[in-house]
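Open the model in your viewer and keep the selection tool at hand. The tour goes from single residues to the whole chain and back.

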Amino acid sequence: MEKLIELYRKKITATQIDYIRHDEYEINWNARLVSIRGARGVGKTTLILQHIKNTFSDNLSKALYVSLDNLYFSEHSLIELAETFLKKGGTHLFLDEVHKYPDWSRSVKNLYDDYPELHVVITGSSLLEILNARADLSRRALSYEMQGLSFREYLIIKEKKDFPIYSLEEIISQNENLSAEIVSKIKPFMYFENYLQTGYYPFFLEGENDYNNRLNETINMILDVELPILRGVEISCIPKIKKLLSVIGRSAPFIPNVTELAAKIGVARQTLLSYFKYLEEANLIGQLFKESRGLGMLEKPDKILLENTNLMHLFAEEKADIGSLRETFVFNQLKKAHKVQFSTNSDFLVDGKYTFEVVGKNKKRTQIKEVENSYIIADNIEYGTDRRIPIWLLGFLY
């Protein structure tokens, strides 16, 4: 255990706290069991290390961070670690990569039930199933989903300037004033294209030249390791799933013909629909359904987008389609806190109320002018006007 403590102290020392994401203030860290899920690379580890550094700076021995893929656990159990930690006066245990520990849910349940004085925070893949875990942790854990950086967060990191979060209702009703206020401080389009290419995952801070290599490694880890372990996908199917992602990435946007696509990649129709669901759970794609449809496991989606624009640039063998890029950005920034559906009138129906058409600079509102609560989300404009909202302003939703 001493080696784990040494590694923990080194990580805390190396952790920077010059910018802390808003997720820090949304999480109830006082709960006895907290679960933080999210796609690999979005910054879960950094978030909990920053929290420890800020909260326990006066007494770091009260907390302990460990990654459950550490070799320590090949000879020692999680329960053994927790007991020793408690005897040393510890109170808060932070368990990273929890899904890599055999039968993790049962062990975490035991920690919760048998050691009421212990606070536990677990992090894991977005494929982590708290609700369906065999130990039924859903009744015990407060669960949070962490997303990649918003455009707002990217600007704060790049420019060291603070920008507030705006609700969707504020953006819709005050977009003229809000856009003018922000543009008086910064020129959004100086940064917007770079954000779309290399700004969603925080590891751009480690060097933008290696960004696509890191992103590619991240995706391979999700597909080659997490899908087989956490969803039981056969290894032999992974090349077909990679081919599917490439097809989606090159489309503008992707309206799936399920029967034709299943034949193209060599799988059964129901298998393909299962792949769609797994990829959505892994935060690699987003499925959009019409207003009248549910979100059943094996329903055909009306439209599929990659989860974020950085993935589009990676998978597009040539330049990514601009229309699909715009839609992907809007979908990604909205989905963190809003229900986004396919719209028969335009591009998106949001929260069952707002209709959004995502367009270039000069496109008019003709198609949706008779639709109640309808708005144009326009690219290449700095200032909003009435029902014409600058696309970049949706990057201030979180």
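A residue is called buried when its relative accessible area is under 20%, exposed when it is over 50%, and partly exposed in between, using a 1.4 Å probe and the protein chains only. This is a predicted model, in which local features need pLDDT of at least 70, side-chain atom pairs count only at pLDDT 80 or more, and totals for chains, interfaces and linings use all residues. Residues are numbered from 1 along each chain as its sequence is written, and side-chain values use heavy atoms, with hydrogens and water left out.

**Stop 1: Y154**

Select Y154, which is found in helix α6, residues 151-159. Helices (H or I, at least four residues) and strands (E, at least two) are DSSP runs, numbered from the N terminus. Is Y154 buried or exposed? Its relative accessibility is 1%, so Y154 counts as buried.

Now show what surrounds Y154. Contact means heavy atoms within 4.5 Å. Leaving aside neighbours within four places in sequence, Y154 is in contact with Y191, N194, Y195, G199, F204 and E208. Draw a distance from Y154 to N194: the two are 40 residues apart in sequence, and their C-alpha atoms are 9.8 Å apart in space.

**Stop 2: the whole chain**

Zoom out. The protein has 14 helices and twelve strands. Along the principal axes, its C-alpha atoms fill a box of roughly 70 × 55 × 40 Å. The radius of gyration is taken over C-alpha atoms, and the globule rule is 2.2 Å times the number of residues to the power 0.38. For 398 residues, a compact globule would have a radius of gyration near 21 Å; the protein has 22 Å, which agrees.

Colour by burial next: of the 398 residues, 55% count as buried. Among contacts between residues at least 6 apart in sequence, 65% join residues at least 24 apart.

**Stop 3: the nonpolar cores**

A nonpolar core is a set of buried Ala, Val, Leu, Ile, Met, Phe, Trp, Tyr and Cys residues joined through side-chain atoms within 4.5 Å. In soluble globular proteins, nonpolar side chains tend to be buried together.

Select L81, F151, F348 and F356. These are the residues with the most contacts inside the largest nonpolar core, which has 133 residues. Helix α9 (residues 211-231) gives the most to this core, with seven residues. A second, separate core of six residues includes I368, I376, A378 and I381.

Go back to F348 and show its contacts. Not counting residues up to four places away in sequence, F348 touches a list of residues that includes L288, L305, V330, F331, Y354 and F356. Polar or charged names are on that list too, among them E327 and Q341.

**Stop 4: I389 and T328**

Select I389, found in strand β12. I389 has 0% relative accessibility and therefore counts as buried. Beyond four places in sequence, I389 touches I171, I172, N175, Y375, I376, I377, A378 and I381. For a long line across the view, join I389 to S57: their C-alpha atoms are separated by 44 Å, and the residues are 332 apart along the chain.

Then select T328, in helix α14 (residues 322-335). At 0% relative accessibility, T328 also counts as buried. Its contacts, not counting residues up to four places away in sequence, are L305, L306, E307, N308, T309 and M312.

**Stop 5: three loop residues**

Select E129, in the loop between β4 (119-124) and β5 (142-146). With 33% relative accessibility, E129 counts as partly exposed. Outside its neighbours up to four places away in sequence, E129 touches W104 and R231.

Move to N283, in the loop between α12 (269-281) and β6 (285-288). Phi of N283 is near 60 degrees, a positive value in a residue other than glycine. N283 is buried, with a relative accessible area of 13%.

Finish at D386, in the loop between β11 (374-378) and β12 (388-390). Phi of D386 is near 55 degrees, again a positive value in a residue other than glycine. Is D386 buried or exposed? At 56% relative accessibility, D386 counts as exposed.
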